[in-house]
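Here are some short exercises to help you find your way around a new structure. Try each task on your own, then walk through the solution.

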Amino acid sequence: MADVTLNAATGKSLSIEEQRLSAINSFRFADRTFHNITFAAALFVLILLGSIIVSLIVGALPAIEKFGFGFLYSERWSVNKEIFGALSPIYGTVMTSLIAMLIAVPVSLGIAIFLTELCPMPLRRPIGIAIELLAGIPSIIYGIWGFFTLTPIFGQTLLTASLILAIMVLPFVTAISRDVFLTVPQVLREAAFGVGCMTWEVARSIVLPYTRVGVVGGVMLGLGRALGETMAVTFVIGNAHTIAGSIFEPATTISATIANEFQESDGIYRAALLELGLLLFVITFIVLAVARIMLLRLERKAGA
Amino acid sequence: MFLRSLSGAAIFIASVVGANAADISGAGATFPFPLYAKWAETYKKDTGNGLNYQAIGSGGGIKAIQAKTVTFGASDIPQTAEIQAKSGLVQWPMVMGGIVAVVNIDGVKSGDLVIDGQTLADIYLGKITSWDDAALKKLNPDAKLPSAPIKVVHRADGSGTSFNFTNYLDKVSPEWHDKVGASQSPEWPIGVGAKGNDGVSGTVGQTKGAIGYVEYAYAKQQKLIYTDMVNKDGKKVEPTVAAFQSAASNAKWSEANGYYEVLTDEPGAESWPLTAATFILMYKEPVDKAASAEALKFFDWAFASGGKIAEDLDYIPMPAAVVTQIKATWASQIKTK
C-alpha cells in the first residue's frame with residue numbers, strides 16, 4: 001500500500017498532496033481537451049452551413065443580378081437565349097411535396113395508431129421492421145421502381161412523382177409517430193377507455209393531442225425529405241419546364257432540374273441553376289421556421 | 001500491430017490505384033456509347049489498356065473537356081473552326097450513325113409506319129396530337145392507327161442527338177424554324193424529357209402511344225419499334241447501313257473547315273434523312289501529354305481495327321481517305337511530346 005509514488009521525470013518521490021494535484025491537473029487537461037474537441041465539432045457544423053450558403057450566393061450572383069425578382073415569377077426556361085425563370089420548378093417542388101404530404105400523413109398516422117392500439121401482438125414486430133426497411137431503401141431504387149410500375153399506369157406526370165414521394169415519406173412519419181404514440185402514459189389511455197371512449201376517440205382526443213409536438217416534428221421531417229428529393233422524382237416527373245393546369249401532365253422540380261442540367265451548364269446557365277438551389281434552401285428554411293412557430297404556438301396554447 | 005495494418009492498407013490502395021493508372025478517360029455523347037463501349041472492351045482484350053467513358057450527353061462532354069477533367073470529349077454537335085481555335089481544341093469525326101423515330105403502338109411493328117419531316121415537326125410542335133390524324137393516315141393508308149393521344153418524348157439534357165434532330169426539323173419545317181430552331185437544349189413546346197438516349201428508349205418502351213428519337217443502335221438493342229422516313233428526294237427509306245452510307249457520302253470532309261459538317265437531310269434517293277456524325281474533341285496542347293498519346297493510340301486502333309465492330313452495330317466507319325486526313329491533323333496539331 002504505497003502512499004508515495006515516484007515521479008518518472010525527476011525520480012523524486014511525491015507526497016499525497018502533490019499526487020492529488022497532478023491527478024487534478026491531468027483531469028482538467030483531459031476535460032479541457034474534450035470540451036475543445038466537441039466545441040470544434042459543433043463549430044464545424046456552423047462553418048459548413050455558412051460556407052454552403054455563401055458558396056450558393058456567390059455562385060448565383062450573376063443570375064441574381066441579371067434576372068432580379070423576375071426570376072421568381074417567370075416561367076420561361078430557354079437555354080439558347082439564356083432566359084431563365086424559376087416558376088415552374090418552384091411550382092413543381094411545392095405541389096409534389098404538398099400532394100405527397102396530403103396522401104402520406106393520414107396514412108402514416110393511421111398505420112401508427114394501428115400499430116400502437118389495434119394491432120395483434122405477433123404482427124407488431126414484423127410490420128415495424130417492414131416500415132423501418134422501407135425507410136432505409138435508397139431513393140433511386142424508389143425512382144426505378146416507380147418508373148417500371150407507376151409510369152405505365154399514370155404516365156410521367158406530377159401525380160406519379162407525388163405518389164412516389166408519398167411512399168418515401170410514409171416510413172419516416174410512421175416510425176416517428178409510432179415511437180411518440182408509445183410514450184403516451186397507459187394510465188391516460190385506460191382512463192379514457194374507462195369512461196367509455198371508443199378506440200377512435202381515444203386516438204383523436206388523447207393520443208394525438210398528447211403527442212402533437214412529436215407528430216408535427218415527424219411531418220416536418222417528412223416534408224423536408226419530400227422537398228429535396230432528387231433521383232426518385234427525376235425518373236417519373238417528365239422534366240417539362242411548363243406549368244400545366246392539371247396534375248396529369250409532366251412537370252419539373254428544383255432538384256430534378258438541377259440534376260438533369262447541371263453537368264452541361266456554364267456561365268449564366270449555371271448561375272441560374274445555383275440560384276434555384278439557393279431558392280430550395282430558402283423554401284426548406286421557411287418550412288422549418290413555420291414548423292417551429294407552429295410548435296411554439298401549440299405549446300403555448302397548452303400551457304406547456 | 002497498427003503499423004502492420006497501416007502498411008497493409010497502403011499496399012492495397014496502391015495496387016488498386018496502380019491497376020487503373022492506364023485507363024484513358026473520356027466523356028460525352030450517348031449517341032456513340034454502345035460502339036465506344038464495345039471498342040473499349042475489345043481494346044482492353046487486345047492491349048490491356050482500359051477506356052473509361054462516361055456517357056453524359058454531348059453538352060456534358062463539351063463541358064468536361066473544357067474543364068480538362070477528361071482526356072477527350074465526345075460530342076455530336078460539331079464545333080466551328082473559330083470556336084475550336086479560341087478554346088485550343090481539335091475536333092475530328094469518329095464515326096457516323098443514324099437517328100430513328102421510335103414509337104410504341106400496339107400492333108405496329110418496325111417498318112410498318114412511314115413518317116416525314118413536316119409531320120414529325122408538327123408532332124413535336126403539338127399540332128398533331130392523335131395517332132389517327134389525317135396527316136399520318138395520308139402517309140400510312142394501310143396501317144391500323146389507333147385514335148390514341150401521341151405522347152411526345154424528347155431529351156431533358158444537352159444532347160447532340162437533339163441538336164441533329166432539331167437541325168433536321170429546322171430544315172424541313174418553317175414553323176419549327178421560327179418557333180424553336182436547332183439546338184442541343186431547345187425549348188421543347190410539349191413532351192416529356194428523359195436523360196440520355198437510354199432514358200428516351202426506356203421511356204418510349206414504357207409508355208403506350210409514345211414517340212421519341214434515338215440513335216439506331218439503341219432502337220435495335222432495346223427492340224423498339226422504329227419508323228421509316230421520307231427523305232429529301234421524296235423517297236421512302238428504311239434505316240439501314242446503306243441508307244446511312246448514302247447520306248454520309250455527301251459529306252465533304254476535305255473541304256470542311258475544322259471538320260464542321262452536319263449530315264441531316266442530305267440529298268440522294270437512298271439517303272437516310274437523320275444521319276449524324278459524332279466528333280472527338282482534344283486539346284492541341286494537352287496538360288497530360290502521355291494520356292493524350294494513349295488516347296490517340298486508342299483512336300488509331302479504332303480506325304484500323306474497329307470498323308467491323310462499328311458496322312455490326314449499324315454505325316458507319318469514316319472512309320479511308322478521311323481517316324488519312326484525320327491522322328495528318330493529329331500529327332500536325334496535337335502535341336503529345
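### Exercise 1: A helix with two faces

At 36% relative accessibility, A:Ile144 counts as partly exposed (buried means under 20% relative accessible area, exposed over 50%, partly exposed in between, with a 1.4 Å probe and protein chains only). Before going on, note that this is a predicted model, where local features need pLDDT of at least 70, side-chain atom pairs count only at pLDDT 80 or more, and totals for chains, interfaces and linings use all residues. Residues are numbered from 1 along each chain as its sequence is written, chains are lettered from A and ligands numbered from 1 in the order in which they are written, and side-chain values use heavy atoms, with hydrogens and water left out.

**Task.** Find the helix that holds A:Ile144 and work out where its buried residues sit.

*Step 1.* A:Ile144 belongs to helix α5 of chain A (helices, H or I with at least four residues, and strands, E with at least two, are DSSP runs numbered from the N terminus).

*Step 2.* Now pick out the buried residues of α5(A): A:Ser139, A:Tyr142, A:Gly143, A:Gly146 and A:Phe147. They sit on the same side of α5(A), because they cover an arc of only 135° around the axis (the arc is that of the directions from the helix axis to the C-beta atoms).

*Step 3.* Look at what covers them: among the elements are α7 (158-181) of chain A and α9 (196-206) of chain B.

*Step 4.* A:Ile144 also helps make a nonpolar surface patch of about 420 Å², along with A:Ile140, A:Ile141, A:Phe148 and A:Met231. Four residues of that patch come from helix α5 (residues 139-149) of chain A, its largest share.

### Exercise 2: Into the core

**Task.** Which residues have the most contacts inside the largest nonpolar core?

*Step 1.* A nonpolar core is a set of buried Ala, Val, Leu, Ile, Met, Phe, Trp, Tyr and Cys residues joined through side-chain atoms within 4.5 Å. The largest one has 91 residues, and B:Trp39, B:Trp92, B:Tyr124, B:Ile211, B:Trp253 and B:Phe299 have the most contacts inside it.

*Step 2.* Strand β4 (residues 89-103) of chain B gives this core its largest share, 10 residues.

*Step 3.* Zoom in on B:Phe299: leaving out residues up to four places away in sequence, it touches B:Phe72, B:Trp92, B:Met94, B:Ile280, B:Met282 and B:Trp330 (contact means heavy atoms within 4.5 Å).

*Step 4.* Apart from this core lies another, of 58 residues, including A:Leu150 and A:Val207.

### Exercise 3: Charged pairs

**Task.** Compare two salt bridges of chain B, B:Glu175 with B:Lys127 and B:Asp157 with B:Arg155: are their partners buried or partly exposed?

*Step 1.* A salt bridge is a side-chain nitrogen of Lys or Arg within 4 Å of a carboxyl oxygen of Asp or Glu. By this rule there are 17 over all chains.

*Step 2.* In the pair B:Glu175 and B:Lys127, the closest N and O atoms are 2.6 Å apart. B:Glu175 lies in helix α8 (residues 174-179) and B:Lys127 in the loop between α5 (117-125) and α6 (134-139) of chain B, so the pair ties together parts that are 48 residues apart in sequence.

*Step 3.* B:Glu175 is partly exposed at 23%, and B:Lys127 is partly exposed at 47%.

*Step 4.* For B:Asp157 and B:Arg155, the closest N and O atoms are 3.0 Å apart. B:Asp157 is buried at 2%, and B:Arg155 is buried at 2%.

Definitions and conventions: Patch = residues over 30% accessible without salt bridge, like charges linked within 9 Å, V, L, I, M, F, W, Y side chains within 5 Å. Areas by Shrake-Rupley, 256 points an atom, 1.4 Å probe, with all protein chains shown as cover.
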